[in-house]
Structure formats: C-alpha cells, structure tokens
Amino acid sequence: MNGTVSPRLKTLEFTEEFVGRHLGPDQDQIKAMLASLNLESVEQLIDQTVPEAIRLPGELALAAPRSEREVLTYLKQVAGQNQVNKSFIGQGYYDTLVPNVILRNVLENPGWYTAYTPYQPEIAQGRLEALLNFQQMVMDLTGMELANASLLDEATAAAEAMALCKRANRKKSNLFLVSNDVHPQTLDVVKTRAEYFGFEVKVGDVDSLLDSEDAFGVLLQYPGTSGAVTNIEALIQKAHDNKALAAVGADLLSLVMLKSPGEMGADVVFGSAQRFGVPMGFGGPHAAFFAAGDKHKRSVPGRIIGQSIDVKGAPALRMAMQTREQHIRREKANSNICTAQALLANMASFYAVYHGPEGLKRIAERVHRLATIFAKAIQEQGVTLANQSWFDTLTLFVGNQQQTIIERAYQAGINLRVVGDEQLSVSFDETTELSDVVDLVAVITGQSDLDLKLEEIDASLAAGTESGLPSDLRRTSQFLTHPVFNSYHSETEMLRYLKRLENKDFSLTHGMIPLGSCTMKLNATAEMVPVTWPEFANIHPFAPRDQVQGYMQMIDELEAMLVEVTGYDKVSMQPNSGAQGEYAGLLAIRKYQESEDQGHRDICLIPSSAHGTNPASAAMAAMKVVVVECDENGNVNIDDLKAKAEKHNDDLSCIMITYPSTHGVFEEGIKEICQIIHDNGGQVYMDGANMNAQVGLSKPGEIGSDVSHLNLHKTFAIPHGGGGPGMGPIGVKSHLAPFLPNHQVSPIEGAHVDKSRPLMGAVSATPFGSGAILPISWAYCAMLGAEGLRKSTEVAILNANYMTEKLSEHYPILYRGRNNRVAHECIVDIRPLKESSGISEEDIAKRLMDYGFHAPTMSFPVPGTLMIEPTESESKAELDRFIEAMVSIRQEIKQVEIGAIDADNNPLKNAPHTQADIVGDWERPYSREQAVFPVAGLKTNKFWPATNRIDNVYGDRNFVCSCPGIENYR
C-alpha cells in the first residue's frame, strides 16, 4: 500500500451525477464567472440579488437527488401499476399505430422536440413546412378554406369556435345551441368558457331548438358522440337562415370517407388529430385542428403558417396572422392562446405524408369494415343498436345487463364506454383486429362459443353495397392531392424527408436558444424516456381510475413536489398550457369571490410590463383590465399601484404580476405589492413564467401570492416542441382549492371539497391535461432533488449576471435590480444604437443566425430591445461564444456608425446569409468570409440558415396558408 486512502463506496455512487449533467458550467467555470463579477461564492451573488424578505430559511423538504437509473427503475415500477386494457371507449380518443420512422425520428428526436416556436423563420423552415402540411391536410379533409397550425385539444377548440361564432356575428343574441350528440367533455369546457363570456348554452335537438330560439351559433358533432352519422347540411342551412353560424366537431379519420363539413356549408370545423399517429397518453398532448372560411381569417385563434418570399424572391414560410397577437392586442385578442401543439401537429402531418391518401383510405375503410362486421354480428345475437348509421362507433341497448357486461369486459382486458344506465358504446380504431370483434361479442353476450361466421359477414359486405354510412354522405371529393402527400411512402424516402426538414431548423442540439421569458433549458434524455412507454402512452384519458393507479401515484407525487416548491396548498394538473393556467387561476379567483358574495369584483390590475396573455386571459374571465405603470427602473410603480387599488377598492378582483418581473429583476417591494392588493379586497395572481429564478430560493405562496400557474415546459424541463406542447398547472392557497377545475366525465377525487356546491367546470378536455408528459417534470424534480433544484436556480442567476456584465461593456442594459444585479435574464437596449446607426434589434437577431445562434426575445417587454435568458444548462464556453458574437456584432455596428460601411448594404442588413449567397458573383462591400464566418470558430461548426431574410409585409399582403403549388416543385 502506498498510504493513500481509498474513497468509501457511498462517495462513488452516482446519485448526484444528474445535477452535474444538468448544469452547464462545472466548478472551475463557476469560479471563473464569479471572479469576473468580483464575487467569492454563489451564495454571495444570491445575497446581493434576491431580496432577504422572500428568501427561504433552509432547503426544500424534498428527497435527495436520485440517479437516472434509479429514477427510471422506480418510474417503470410505477408505470407498471397502470393496466393497459384494449380500449373501445372512443369519445375522441383512439389507439393508433405510430409509424416507427416518426416515433424515433420526430417524437424521440431532440432535433424536433427542443426547438422553439418559429418566431425566427429563417432557421425554422423545416417545422414550418411540416405545420403547413398539417394545415393543408386539415383543409383538404374538412373542405374548408383555411386552417390554423393546431390548438390545445378538441374541447378547447370547441370553446374557441363558439367565441368565433360570436365575434363574426353581429346579432345581439348571447345564446349558443349545442347538439345533444356532442362529446360530453367538449360540452363541459364550452359551458365553462361560456359563463364569463355571458353566453347562455342550451343543449338538445338543434333542429327543434332553431324553431324557437334566436342563437348566434350552433355546435354540431359529425359523426356524433353516439356514433351516428347524419346529414347536417340542411341543419347548417337552417342555422344560416336564422343568421347563426355553424361550428362542427369532426373526426379526422372519418372525413376520409365522409362528405366534408365544408361541402355542407360549415363555418368552423374543429376536432382532434390524435388518431393520426399520436398516442392517447392519458389525455395528451395531442394537436387539435381548427378550420374556417377565408372571410373569418382575422378571427381565427392560434397560429397560422403562411407563404411569403425572402429578399431574393425565393418562396419561404413564416407564421402569418396572430403571430404575436396577445402582445399587440392584449385584452382585445381573439384568444389567450399563445402556443399550441406543434410537435404533435407535425407528427399528425407526417402520418398523413407517410400513408398518403390511399393509405388513409385503407385505414379508414378497414376501421369502418370492422365496425360494420361487429354491428352485423351483435345484431344477429339479438342486441339492438341505438344508431343506425356509423363510421367507427356503435351504441348498444343492453338494459339492466350494463354493469354485468362492463365487469366481464374488465376481466377480459377490455374497456367499453358507459352511456347512461342502459347503453354501452364501442369504438374501433386502426389497432383493432378481427379477433377483437370475437372477444367483444363474447363479452357482450356472455357466450364465448358462438359461431359468428365473421369471414362470411365480411365477404357479404365486400360483395354488396351495405354499409354503416349513408350513401349521400359518402365522400366523392379528392383530398391530399399535393405532391408532399404522394411522394414519401417508403421508409427510406420518409426518413430522408424528415431529416431534410430537421436540418433546416435550429434547436438546442445546435446551440443556446437565449430567449428571454422562455427558459430554453436542457430537456434531459432520461426525462424523456418514459413518455413513450406503453404503460404511459397507451392509456385512454377516461379509463377507470383503478386501472391508472400508476398515473395517479406519479401525479400525486409530482403535485407534492410542486406544492413544496411553490408554497401553495393544492395543485391542479388540468391546464395544458400556460395561458390555460392563467385562465384557470382567474376562474378560481372569480368563483371564490362569488362564494363570498363578492362576485361583482371584476377589476384586474396588470403591470405595463406583463406578458400579453395576462390581459387576454383577464378578458376571458370577464375582467376589466387596469394597467399599472412601472418606474424608470422597471419595477411596478407602487404609488400608482396603491392609488389604483384604493380607487377600485370595491371592485378589485386581483392583480396579475410576474415575479421576478418581466423586466428581469427581483422587485424589492413584492411583499408590499401583495399586501396592498389584499388590503383592498383582491387576490394575487403571480405569473409563473419566471419561476426558474425562484425554485429553492423563495416560494410564491409564502411571498403573498394566492395562485400561480407553472410553466412545466419552462422551469420543469418539458420541451417546447417547436411551439408546443406545454403544461400550465396551477397552484393555489387553501381558500381557492375548492374552485380548481374539475371534470364532468371523469371527476377528480379530492378536488371537489364542498359537496354543497356543483362540480367545477373543466378548462381542458381531460382531467389531468397532457398526462403523458408529466413524467418529464416528475423525473426532473426527482433527479435534481432539493439541492439540485436550488443549484439550478443559482446557476441560472449566475449565468445571467455573468452575461449581463460582459455585454454591458458594449451595450446598454435597460434594467437592473439591487446591487446592480439582474435575476435570470437581462434586457439589452438597442434603441440608442438604432438612433446612431440605423441598425435595429431585428438586424441583430438575423445576424446572430450567421454566428450560429437563435436570437433572444425581440421587442418584449420593451420595444426596440433584446431580452436574453441563458438558463442554467449552458456552459461558460457557450456563454462566451454568444458574448463573442454580440461583441463582434457591436463592432460591425460601429463600422456603420463611423461610415466605414454602407448603412443599407452591410452584414447586418443583409443577414442572414445562406450557403447559396457565397456561390457565384459577390458584389457586396464586405467579404464572403465576413458574411458567413465572422468569427473563427464557425469554420469548424456552422449552422446554415435555410433562407434569406423573409419579407413579412409580402406575406401579409399575399396571404396563403396552404402548401405551395406544383410549380414550386419543378
């Protein structure tokens, strides 16, 4: 022995390894950054930055960090408690076969799931094309003139359709009619949304209701939730004759065989694209679709992808109308939805591209044939059908045998849908086999030895014209005729198409995405792995609770973690986006105040720096927005706040405030702000957008806030997916807990505290939102543990302050807090440079692409600025690379300022530069090398923008949201 002491086994374990994997800078880099800030420790920085009044006295009461292997082993055991039955529940959710080429190369590929919303289209042409394909697919199948790039789920799309019907109708009526054959979860969300819009909702036979009621719109389901396929053309015309608009909830696969709603005169068509290759995932995430007529294009919610051209006239894609609607129109916005389900919309569009129109026809015909074979077989056993027409769903009269059949089905590993007291519903999908029909008949009849002669039934159906579809509703129009849907049917071609699109897009696989207020941190592979496990992916959202004990345990554990992190008493997982979380939180406030006979309180105070969704959400909750000014340091002007709170004392409902502020600083007066609101009878809504600067250091529930939404897709590591999915659960103090959203179809146990009050309405289609991605945030918290969560926050603050100090030598920093520190992001003021040089924040954003970076957030929350958030996951080396780029760009601006280079023909105004730019003649007053290799490191690692700068004005003036014509492929 040489006298050295070997380490103990405990110190060799990897339990805390993930903390080091998640954090970008190592200890040497942290020391170097601290030294540049004249600090000796991270603790010293936190003391200088975070107000003492809000600091936690100790560590979070969470478990110690766990290793990746330990967490995945545990989660696999938890997932194993879920019972993956064969689902025939339907009701808008169907098992599906995810093409493996899409599963591996899109859903499980960080090149797709770590990208951001395509606000910088020059480095997002791949997913923009995929989303344009989604829009074209929807337009073709629905028969409508335009479609958006997805919404959150089918039920919220229905609520958006109701709102559009009102916006587009000049009638004074506030009555909305809903068919009694609409999915019940859709009705639940529609009723919730209608209440604070001041709409009355009547459910029943719409044909009869139109004879006596004056409505602004009607909502129909095609096929109905019962499975019935009825001709709604006359009903739509009757609505139009009554000057009402018609919205139709449609099943996308059924439209392959059915006459489209657009051909029947529908004004809006919506639904879910889930069954186009996206797992059920206990409710999501899935992409809803929303289509309308061209005359309603200014009223369509969400994002719309449109064609444009770049500065050289070449075709290019971009987000068109409603791109930043909430920031521009605020409380007058069409909707509070600022993102959607881009990743899932891309998957659905690729499903259509891979199968093509003929493949989709075969899938739809097969599903319908199986349903029809079952219909014949079950009728031969004396069972009566409730619907005499169908695509994939049949409702059966079973009388007092309902519960007996359900129990037999469970024992056979089959889930059926219970309808009323005497009916059952059965839905077929592309995973159904002929053997399943045998099992179903046996379960329903209680006889397992029947000679069903299914092959003979099939032969008879194939030889004749008999079908569950009315002949006048058979589709005759073509669909998916565009070349993109008819070119990539071999896996080789599809794989290359997916890769070609991926290569056009900048994601976290290429470099830092320093978008302020977006928290583009690591989405660790270990966190993502459970998402596609069958035990999580293949569960219907309305499966019996005793079959989803694994999900319930995981959700309960995640809720407990979030309760501890936030200081709230209860968390609802239902909201499936940050905007939905805002809305749900405001509803909880309103319902609570109504219960206290304070329902008249409707004033919402919002700082001028707020995210645009705040006023949009307030408007949806029937609140009147009063803006509170900020002072010259970016803080809420407390004098102005106090004056307005006291002025509206009798009517003050709440304040919506982001903390740290959207200006990137910890406001010293945050506790005083909360107290002022409470003293004047209001509640405090603390927007969780910047929670990444609080976790482990402070808790909103202990600062004085009553409710917050948490962006799990920011702070808690769910990836942004190129524009969705997201999750926006809300945490509340105990007095608001009884007013959290619930669900009429699948009530949430423990949430309905006061049995004397009716069940709270739903804000999303399913009780736990996008359940399949909740394991990501669970794993994030479990692997980091209390210490790792705190360290992540500390490093996020360190990275931001390091970058701020380095950039401040070259650019003005707009706002700083105590001790000249920032929180987790900073705002660089470009306005003085624009005044001196003509170079704008957009020019810098586009030039950063040449340096291999996605731009920071432009012109939010202050016009003419760039907001930068590096997150804790970026190393000092990556921060230095970004700083180098910004310093180099500043030098280029200097050349413009002194007249050394043309003010209109320079590397910034011409940015970004593509590979095509450096081929052929070069007549610019700067070199090719300066254009594309402005710093030496780019010569060995270069991301090339796919297109030159896109002409936004041209795209707005020549609005086209469908795939390019065939001439673009010649």
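Buried means under 20% relative accessible area. Keep that cut-off handy for one of the close-ups below, all of which show a predicted model.

**View A. Leu480 is a buried loop residue with a positive phi.** Let's start with the backbone here: phi of Leu480 is near 50°, a positive value in a residue that isn't glycine. You'll find Leu480 in the loop between helix 17 and helix 18 (491-502). Is Leu480 buried or exposed? Its relative accessible area is 0%, so Leu480 counts as buried.

**View B. Lys453 also has a positive phi, and it is partly exposed.** Lys453 isn't a glycine either, yet its phi is positive, at about 55°. Look for Lys453 in the loop between helix 16 (434-445) and helix 17 (454-463). With a relative accessible area of 41%, Lys453 is partly exposed.

**View C. Two cis peptide bonds lead into prolines.** One of them joins Tyr222 and Pro223, with omega at about -10°. Pro223 sits in the loop that runs between strand 5 (217-222) and helix 12 (233-241). The other goes from Gly284 to Pro285, and here omega is near 10°. Pro285 belongs to the loop between strand 7 (268-272) and strand 8 (288-292).

**View D. Seven strands make an open sheet.** A quick reminder before you trace it: strands of a sheet pair through backbone hydrogen bonds, either parallel or antiparallel. In this sheet the pairing is mixed, and the strand order reads 2-8-7-6-5-3-4. Which strands stand at the edges? They are strand 2 (146-147) and strand 4 (200-204); each has a single partner strand, so one side of each has no neighbour in the sheet. Zoom in on strand 2 and you'll see that its pairing with strand 8 is antiparallel, over two bridges. Leu146 stands opposite Ala292 of strand 8.

**View E. Helix 9 lies across five strands of the model.** Helix 9 covers residues 154-167. The strands it lies across are strand 3 (175-179), strand 5, strand 6 (245-250), strand 7 and strand 8. Relative to strand 7, helix 9 runs at about 170°.

**View F. Helix 8 crosses helix 14.** Two packed helices are described by the angle between their axes and the distance between the axes. For helix 8 (residues 125-142) and helix 14 (residues 342-380), the angle is about 65° and the axes are 8 Å apart. That makes helix 8 roughly perpendicular to helix 14. The crossing is left-handed. Where do they touch? On the helix 8 side, look for Arg127, Ala130, Leu131, Asn133, Phe134 and Met137. Their partners in helix 14 are Ala342, Ala345, Asn346, Ala348, Ser349, Phe350, Ala352 and Val353. Sort the residues of this contact by class and you get ten nonpolar, three polar and one charged.

**View G. Helix 14 also packs against helix 17.** This time the angle is about 120°, and the axes lie 10 Å apart. That makes helix 14 oblique to helix 17. Helix 14 passes helix 17 in a right-handed crossing. Helix 14 contributes Arg369, Thr372, Ile373, Lys376, Ala377 and Glu380 to the contact, while helix 17 brings Leu454, Ile457, Asp458, Leu461 and Ala462. By class, this contact of helix 14 with helix 17 has six nonpolar, one polar and four charged residues.

Note on methods: Residues are numbered from 1 along each chain as its sequence is written. This is a predicted model: local features need pLDDT of at least 70, side-chain atom pairs count only at pLDDT 80 or more; totals for chains, interfaces and linings use all residues. Side-chain values use heavy atoms; hydrogens and water are left out. Axes are lines fitted to C-alpha atoms, for helices over the stretch in contact, and angles run from 0 to 180 degrees between N-to-C directions. Helices (H or I, at least four residues) and strands (E, at least two) are DSSP runs, numbered from the N terminus. Angles under 35 degrees count as roughly parallel, over 145 as roughly antiparallel, 65 to 115 as roughly perpendicular and the rest as oblique. A crossing is left-handed if the near helix is turned anticlockwise from the far one by less than a right angle, and right-handed if clockwise. Contact means heavy atoms within 4.5 Å. Ala, Val, Leu, Ile, Met, Phe, Trp, Tyr, Cys and Pro count as nonpolar, Asp, Glu, Lys and Arg as charged, and the others, Gly among them, as polar. Buried means under 20% relative accessible area, exposed over 50%, partly exposed in between (1.4 Å probe, protein chains only). Two strands pair if DSSP finds at least two bridges between them.
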